[in-house]
Amino acid sequence: MGVHNSINTGKEIVLTIDGKVCKSTFGKTILEIARENDIYIPTMCYLTKVKPIASCRMCIVNVEGVDGAILSCQEKATDGAVITTNNSEIYTERQNIMKLYNVNHPLECGVCDKSGECDLQNKTMEFDLAEQPFTARDQHRPVENWGHVSYDPALCIMCEKCVRVSTEITGDEALQLHFGGYSSSIVNTKIEKNYASLGEAAAVCPVGALVDTNFKYTTNAWELEKIPSACPHCGGGCQMTYEVKHDTIYRMTNNFEFTSLCGAGRYGFDYANKDVTKDTEAFEKAVEAVKNADSIIFAPQITNEEALILQKIKSLTGAKLISHEARAYQRFMRAYASVTGKSLYSGTLKGISESTAIIVLGTKIDDDAPTVKYHINMASKWHRARVAYMHPLEDVEMKNIVTQFIKYEPQSEEGVSALLVEMLLRDVEVPQNVKAFLNDLDIGNLSAESNVGEEELELLRKSMLKKNGFSLVIGADLYAHPRAEEIAKILALVEKYTDFNVVCVPPAGNAMGVSLICDLDNEATGKTVGYNVEADFVLSALGNAKELDNALDMPALNQQEGTLTTNDKRVVPMNVAQPYGGYVLNDIANALGLDAEYTIAYTKALPSEKGFKAVEFDSLPDYFDTIGTEHRGYILNQCETSVDERLVEVEELDGFDGAVVYTCNPREQFSAFTNLCEPLKEEAFLVGSQQFAHATKLSDGESISFSIDGVTFKRVFKIDTSMKGTIALNPTYDMGLSTPLVSSYRFSRVEIQKIGS
């Protein structure tokens, strides 16, 4: 029961389109096959990444032997079909459709943000509409400000793309259609939530009806230079394009036909370290500090090339390399690989979206990795997937797609993993040692300790019986767990002995790349240098070097060339979007005796034994073809590893009593860098339920402090009435250079002090 792959389903068929013989597979639409063969069929409402909308009729074609026009976007092609995509009747019909679209569409192209990249403009010219023979009574429809995006109903052509994206892709389900003839419009039913994900809906708007509020009336589209890159925030490495004029980024766009950006990717772009010049005195201090450092601590917001430079510095000086989140992920994946025999997990995001049953374990996925959540949502909307969400905290934003919420006690993840794997492997042939491990589990005791009922797991098992195409999504709660390596080995059994599409979502930043490239250590000792981390000497891209005693400016990731490793195991290029005038890590490395003219000289030297390929940076592709195949960088090679399948008994761990704090950033915040971005500005609170407030004797609005991993948080406590239980959410994105130091298991029992009492 593997994941259903729609691209390869169906028998081969042959059809003729405009005299061209086209081979494909049954199950694809006429439009899909036409695009595969570079045959143009015009569309207005079609969007490749959602189901056919079929509201515009621009894609009509004639099929020999069939009366009338056929909608090519939704009609499946049949073997032997003879298709005509254009003739005088079809052309006239398309002209008439465009006349209807242009009825009373305001002629404000000169000031419209979409001018120069507007589908309506383009098709009006394409179909030679020089005049408009009829009108409809004009409606007064004022512009609506929805926060991140603004909506002008007078410009809306009701193509429904934005509604479909909101429903099928991002899953915020904020946008709906309001039908009313010429007064039809799009309605935002969740305006108070100010979803940044609506930027994705605005991106697909073919006219100027939905636009980014901050971009509105700032510049013309044709004046912007497009710089392709990859998003460095959550670990997804999503495709994106910086749109720049006079060294200023005006907006982020993406290839919206095939890809999606979360709110942080779209609005978290203004974090460059600006107006930096070369400070030779600070540079010499930095070189001396790195040369004499016992430990180099660094944040995972770093390129693969910089990670390799740090590894080479470690070889030169003997310094320890510390990157806590990446190290936790590295240890987890090495234990995981010791069971599977493969260096990487096998699952893909596409595999998630094509699943009919998905289990999510150990991650508040909508906040940790929004684009992974988008793929879970796609599976829900397209395949009516069963979604089991296993976590100590229920997530209100997942309720619309979760079919079964299984709550467990914090720190019981090893027992929960064992219970889950026992259920999934119950009827599967496994080796004797695995069978013995599963048979020896004290199911009743594990169920009692974790608070996961046996009947809940039985319900999950039954719900999956008639499904095919399964995914397991594993997340960051597990990587820093005291028993992380034992959990990894247990969960790896699912990948090894079932057809599950397993994805071990890396922590934010380039944690996967770092975990593969660097020989990381567990703890810092002695004299320390920090790269975007607090230390004796700091290399900082956060714009605060001048305020610190021992510090040197560094470039932010939108000021660098280099590569990232994505959660789809792809090495993708980033390009320079904003200027930087200071020193870079490569300068320090060269001063220590290494020799590379530019940082990207290290791209082809990334370790092949870890799956990287010896490809020059300038040779990395960065595009999607006409049918959406991704040609960005390259996919890591899967390397074989030694196998040690020995499993140890599940350990009883003391649970947490009373109130607990869960370290988790809200969905648009991933680091101190996203915190610098004005559109994403929000105040960081400790957020808990009424029950948490009662347990801790806290009042809404009260100022408090507590410490995690030696980092002191000063917070205002806020009650969220939608939350339940005695676990509060604590973000770290506002903690600047100390953000990466908060890296232990994400649930903590803390001593909360009231400030001023």
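Helices (H or I, at least four residues) and strands (E, at least two) are DSSP runs here, numbered from the N terminus. This is a predicted model, so local features need pLDDT of at least 70 and side-chain atom pairs count only at pLDDT 80 or more, while totals for chains, interfaces and linings use all residues. Residues are numbered from 1 along each chain as its sequence is written, and side-chain values use heavy atoms, with hydrogens and water left out.

**Backbone oddities**

- Most residues other than glycine have a negative phi.
- Lys697, not a glycine, has a positive phi of about 55°; look for Lys697 in the loop between helix H20 (690–696) and strand E31 (703–708).
- Ala54 isn't a glycine either, yet has a positive phi of about 60°, and sits in the loop between helix H1 (30–36) and strand E3 (60–63).

**Cavities**

- A cavity is a set of points on a 1 Å grid over the protein atoms alone where a 1.4 Å probe fits but cannot get out, and lining residues have an atom within 4 Å of a point.
- Grid points are joined across faces, edges and corners, and a volume is the space filled by probe spheres set on the points.
- The count is seven cavities of 30 Å³ or more, and the largest has a volume of about 540 Å³.
- Lining that largest cavity are 34 residues, with Glu325, Pro507, Ala508, Asn665 and Thr732 nearest its centre.
- Helix H9 (324–340) and helix H11 (365–368) are the elements that give two or more residues to this lining.
- The second largest cavity holds about 110 Å³ of space and is lined by 14 residues, including Asp152 and Tyr217.

Conventions
On a 1 Å grid over the protein atoms alone, a cavity is a set of points where a 1.4 Å probe fits but cannot get out, and a pocket is an open set with protein on both sides within 12 Å along at least five of seven lines; lining residues have an atom within 4 Å of a point.
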